[in-house]
Amino acid sequence: MRTYTAVLLDSAEYSVNIGEPLDLIVYYQEGNKLADVTGESHFEVSDSAIARIEDGHIIGLKVGRTSLKVTYNGYETTAIVDVY
């Protein structure tokens, strides 16, 4: 029997204001166990002019919408980031 494993974000969509950091939490799920792996995850923002990731925070740079890809241990997930 295979154990369900995945990388999960604490939200599927984030709304941030320009210049105000918003906490981002990445979880690794293995079966029914969740572990916070934010510090060990790799972050990629599709439009780095709109937002960036710094020390587990999303920081809005200019008004717009971009996507965020998070990778950990070969698993990945995505979310939408709206900056106001």
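This passage walks through the fold of a predicted model, from the whole chain down to single residues.

A few ground rules come first. Residues are numbered from 1 along each chain as its sequence is written, and side-chain values use heavy atoms, with hydrogens and water left out. Since the model is predicted, local features need pLDDT of at least 70 and side-chain atom pairs count only at pLDDT 80 or more, while totals for chains, interfaces and linings use all residues.

The overall picture is simple: the chain has 10 strands and zero helices. Here strands (E, at least two residues) and helices (H or I, at least four) are DSSP runs, numbered from the N terminus. Written out in sequence order, the pattern is β-β-β-β-β-β-β-β-β-β. The radius of gyration, taken over C-alpha atoms, is compared with a globule rule of 2.2 Å times the number of residues to the power 0.38. For 84 residues a compact globule would come out near 12 Å, and the chain has 13 Å, so the two agree. Along its principal axes, the C-alpha trace spans about 45 × 15 × 15 Å.

How much of the chain is tucked away? Of the 84 residues, 36% are buried, where buried means under 20% relative accessible area, exposed means over 50%, and partly exposed is in between (1.4 Å probe, protein chains only). About 5200 Å² of the chain is exposed, and carbon and sulfur atoms supply 47% of that area. These areas come from the Shrake-Rupley method with a 1.4 Å probe, and for residues only the protein chains shown count as cover. As for contacts (heavy atoms within 4.5 Å), 45% of those with a separation of 6 or more join residues 24 or more positions apart.

Next comes the inside. A nonpolar core is a set of buried Ala, Val, Leu, Ile, Met, Phe, Trp, Tyr and Cys residues joined through side-chain atoms within 4.5 Å. The largest one here has 19 residues, and those with the most contacts inside it are Leu-9, Leu-24, Val-26, Ile-58, Leu-68, Val-70 and Val-81. At least two residues of this core come from each of strand 1, strand 2 (13-16), strand 4 (26-30), strand 6, strand 9 and strand 10 (75-83). Leu-9 touches Tyr-14, Leu-24, Ile-25, Val-26, Val-70, Thr-77, Thr-78 and Ala-79, leaving aside residues up to four places away in sequence.

Strand 1 (residues 5-9) also holds Thr-5. Thr-5 counts as buried because its relative accessibility is 18%. Its side chain makes a polar contact with the side chain of Tyr-75, at 2.6 Å. Such a contact is a pair of N or O atoms within 3.5 Å; within protein, one must be able to donate a hydrogen and the other to accept it, and residues adjacent in sequence count only if both atoms are side-chain atoms.

Strand 6 (residues 42-45) shows two faces: Phe-43 and Val-45 are on the covered one, His-42 and Glu-44 on the uncovered one. In a regular strand the side chains alternate between the two faces of the sheet. Strand 6 runs antiparallel to strand 9 (residues 64-72), joined by four bridges, and His-42 has Thr-71 as its bridge partner there. Two strands pair if DSSP finds at least two bridges between them. Val-45, in strand 6, has its C-alpha atom 6.4 Å from that of Lys-69, although the two are 24 residues apart along the chain.

A separate look goes to an open sheet of three strands, with the order 3-8-7 and antiparallel pairing. Strand 3 (22-23) and strand 7 (51-54) are its edge strands, each pairing on one side only. Strand 7 and strand 8 (residues 57-60) are paired over four bridges, with Arg-52 opposite Ile-59. Glu-54 sits in strand 7 and is partly exposed, with a relative accessible area of 36%.

Finally, two loop residues have a positive phi without being glycine. Asp-55, in the loop between strand 7 and strand 8, has a phi of about 50 degrees and counts as exposed at 70% relative accessibility. Asn-73 lies in the loop between strand 9 and strand 10; its phi is near 55 degrees, and Asn-73 is exposed, with a relative accessible area of 53%.
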